[in-house]
Amino acid sequence: MSLTSALSIAQTALFNTSRQTSVVSRNVSEASNPDYARRSAVLSSTLPGARIVAIQRAADEVLFRQNLFAVSSWQGQKTLSDGLNTLQLTLNGEDNATAAGTAISKLQVALQLYASTPSNGTLAESAVQAAKDVVRTLNSGAATIQTFRADADQEIATAVDSLNKLLGEFEQVNKEIVNGTRSERDVSDALDRRDALLKKISEYVSISTTTRSGNDMVIMTSDGATLFETIARPVTFTANTTYGPATSGNAVYIDGVPMSAGTGGNTNASGLISANLQLRDEVALQMQRQLDEVARGLITAFSETDPSGTLADATGLFTWAGAPAVPSGATLETGLAATISINAAFDAQAGGNPNLLRDGGANGAAYVHNTSGAGSFSDLLISYSERLDEPMTFDAIAGLETSGSVTDFAFNSVGWLESLRQQAAAGSEGKEALVTRTATALSNLTGVNVDEEMALLLDLEHAYQASSRIIAVVDEMLAALLQATN
C-alpha cells in the first residue's frame with residue numbers, strides 16, 4: 001500500500017468518524033424526545049476505505065401500528081370513563097344523595113309517617129314537600145342530562161376542529177417526505193414529525209395506514225373511510241347549541257361517511273370522538289329514558305281512582321302535560337322527567353289542600369275515598385306507599401327490567417350507571433396498560449439508549465485516535481522520505 005493510499009484511507013476514516021459522531025451526538029441530545037427515532041450511519045466499502053452512504057432511521061412498522069391502535073382504544077375508553085364519572089357525580093351526587101331513588105325512598109317514609117298520624121297537618125305538608133323533592137330531582141336530573149349532552153357535543157366539535165388541523169399539518173409533512181424521497185434527501189426528521197402527527201390523530205379516531213411508493217402515506221379509519229390520500233379529506237360536524245329531550249345529535253362525517261358511536265362499558269369506541277358520540281347518543285339518552293320511566297311510574301302510582309270503579313283513573317299528586325289522563329302503561333313518554341310536576345290541588349303554597357293526599361278528591365267528589373272526613377283515615381296513604389313497591393310494567397327501551405316497582409326501577413337506574421362506570425374504569429386501566437407496553441416495546445426498538453450511544457461514542461473516539469495516529473505516522477514517513485532525498 002502506498003503512503004498516499006494510506007493517507008487517503010485515514011482521511012476518509014476521519015470524515016466518516018466525524019459524521020458518525022455527529023449522528024450519535026444528535027441521538028443523545030434527543031434521547032428524551034418520545035417522537036424521535038434513533039439514527040445510525042450506514043457504511044459501505046469503497047476504494048479507498050469506506051464511506052457513509054445513508055443515515056438510517058430506526059423503525060418497526062408492526063409495533064408502531066399496534067401502538068396507534070392502543071392509543072385510539074385507550075383514548076376512547078378514557079373519554080367514556082371520565083364522562084361516566086362526571087355524569088354520576090352531577091346526576092346522582094356523592095353516595096347517590098341526589099338520585100331519584102333516594103328521593104322516592106324519602107317520600108315513602110314521609111307517607112308512612114303521615115299514615116301513622118293522618119290527622120297531623122304538618123305531616124301532610126311534609127309528605128307533599130317530599131313529593132316536591134322527587135319532582136325537583138327528576139327535573140334537575142333531566143336538565144343535567146341535556147347539559148351533559150350539550151357538553152359532549154361541544155367536545156366533539158372541538159375534536160373535529162383539532163383533527164382537521166392535524167390533517168392539514170400531516171398533508172404538508174407528507175408532501176415534504178415524498179418530495180425529499182424522490183430527490184434522495186434525508187427525510188428522517190420529517191418522518192419523525194409524521195409519526196408524531198399519526199399518534200395525535202389516533203387519539204381522535206382509529207386509523208390504519210398504508211405506505212405507497214415514494215414514502216407516500218394513505219390514512220384510513222377503522223370504519224373504512226379515507227382520512228388522507230394525497231390531500232386531507234374533510235371531517236365535518238354541525239354542533240347543536242342546546243339540547244332538549246327530543247333533540248337528536250348530528251353525526252360526524254369523514255369524507256362523507258358517518259362515524260359510528262361506541263357501545264358497551266368496555267367500549268369498542270376508538271378515539272375520543274366515537275366515545276363522545278356514545279356518551280351523547282347512547283349513555284345520556286338511556287339515562288333520560290330511565291328518568292322518564294320513573295316519572296311515568298310515579299304519576300301512575302299516585303293516580304286517583306274512583307272508589308266506584310266507573311270512572312277512569314286521573315292524575316293525582318304528580319301531574320303532567322297530558323293531565324288528567326294518566327300516561328299509557330309500558331309506553332315511554334319522552335321528556336316526562338323534565339315536565340313532571342306537583343298537582344297544585346295538593347300544594348298549600350299554591351292554594352291547595354295537602355289533606356287531599358289522605359282523603360282523595362283532587363279530581364272531584366267522585367274520587368273522594370274518605371267520605372266521612374275522618375281524621376284517622378289512612379287507607380289511601382297506605383295504598384300509595386304500597387303502590388311504590390308494587391310491580392308495574394316499564395318500556396323495554398329504557399334498558400332495564402320491564403317488570404318491577406317504581407322504587408326498584410329508580411334504584412336499578414342508579415345501578416345501571418354505576419355498573420357501566422365500573423366496566424369503563426376497568427377497561428381504561430387495561431387499555432392504558434396496553435398503551436404503555438406497546439410504547440415501551442416501540443421505544444426499546446426505535447428509541448435512544450444513552451448508555452449504548454455513549455459506548456458507541458467511545459468506540460468512535462478510539463477510531464478517531466487510530467486514524468489520527470495513521471496520519472501522524474504517514475506524515476513522519478513522508479518527512480523522513482523527503483529528508484532522505486535531500
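Helices α2, α4, α6 (272-301) and α10 each contribute at least two residues to the lining of the largest cavity. The structure is a predicted model, and this report describes its enclosed space, its main pocket, its salt bridges and one buried acidic residue.

**Cavity**

The model contains one cavity of 30 Å³ or more. The space in the largest cavity amounts to about 100 Å³. It is lined by 13 residues, of which Asn-92, Ala-100, Met-287, Leu-291 and Ser-413 are the closest to its centre. By class, the lining of the largest cavity comprises eight nonpolar and five polar residues, and no charged ones.

**Pocket**

The largest pocket has a volume of about 610 Å³. Thirty residues line this pocket, and those closest to its centre are Arg-57, Ala-59, Phe-64, Asp-195 and Leu-442. Two or more lining residues come from each of α2 (61-92), α5, β3 (207-211) and α10 (406-446). The largest share of the lining belongs to α5, which supplies six residues. The lining of the largest pocket divides into 13 nonpolar, eight polar and nine charged residues.

**Salt bridges**

Across the whole structure, 21 salt bridges are found. Three of them are set out below, each with its N to O distance.

| Acidic residue | Basic residue | N to O distance |
|---|---|---|
| Asp-192 | Arg-39 | 2.8 Å |
| Glu-176 | Arg-193 | 2.6 Å |
| Asp-216 | Arg-212 | 2.8 Å |

The side chains of Asp-192 and Arg-39 form a salt bridge at 2.8 Å. Asp-192 belongs to helix α5 (residues 188-204) and Arg-39 to strand β1 (residues 39-45), so this pair ties together parts that are 153 residues apart in sequence. Asp-192 has a relative accessible area of 6% and is therefore buried. Arg-39 is likewise buried, with a relative accessible area of 6%.

In the salt bridge between Glu-176 and Arg-193, the closest N and O atoms are 2.6 Å apart. Because Glu-176 lies in helix α4 (residues 121-182) and Arg-193 in helix α5, the pair ties together parts that are 17 residues apart in sequence. Glu-176 is partly exposed, at 38% relative accessible area, and Arg-193 is partly exposed as well, at 37%.

The side chains of Asp-216 and Arg-212 meet in a salt bridge at 2.8 Å. Here Asp-216 is buried, with a relative accessible area of 12%, whereas Arg-212 is partly exposed, with a relative accessible area of 33%. Elsewhere, salt bridges that share partners join Arg-26, Glu-30, Arg-39, Arg-57, Asp-189, Asp-192 and Asp-195 into one network. Among the members of this network are Arg-57 and Asp-195, and both are listed with the residues closest to the centre of the largest pocket.

**Asp-153**

Asp-153 is located in helix α4. Its relative accessibility is 0%, and Asp-153 is therefore counted as buried. The side chain of Asp-153 makes a polar contact of 2.6 Å with the side chain of Tyr-243. With residues up to four places away in sequence left out, Asp-153 touches Phe-237, Ala-239, Asn-240, Tyr-243 and Arg-280. Tyr-243 thus appears both as the partner in the polar contact and in the list of residues that Asp-153 touches.

Key
Residues numbered from 1 in each chain as written. Predicted model: local features only at pLDDT ≥ 70, side-chain atom pairs only at ≥ 80, totals over all residues. Heavy atoms only, no water. Salt bridge = Lys/Arg side-chain N within 4 Å of Asp/Glu carboxyl O. Helix = DSSP H or I, 4+ residues; strand = E, 2+ residues; numbered from the N terminus. Buried < 20%, exposed > 50% of the residue type's maximum accessible area, 1.4 Å probe, protein only. 1 Å grid on protein atoms, 1.4 Å probe; cavity = no way out; pocket = protein on both sides within 12 Å on 5 of 7 lines; lining within 4 Å. Points joined across faces, edges and corners; volume = space filled by probe spheres on them. Nonpolar A, V, L, I, M, F, W, Y, C, P; charged D, E, K, R; others polar. Polar contact = N/O pair within 3.5 Å; in protein donor to acceptor, adjacent residues only side chain to side chain. Contact = heavy atoms within 4.5 Å.
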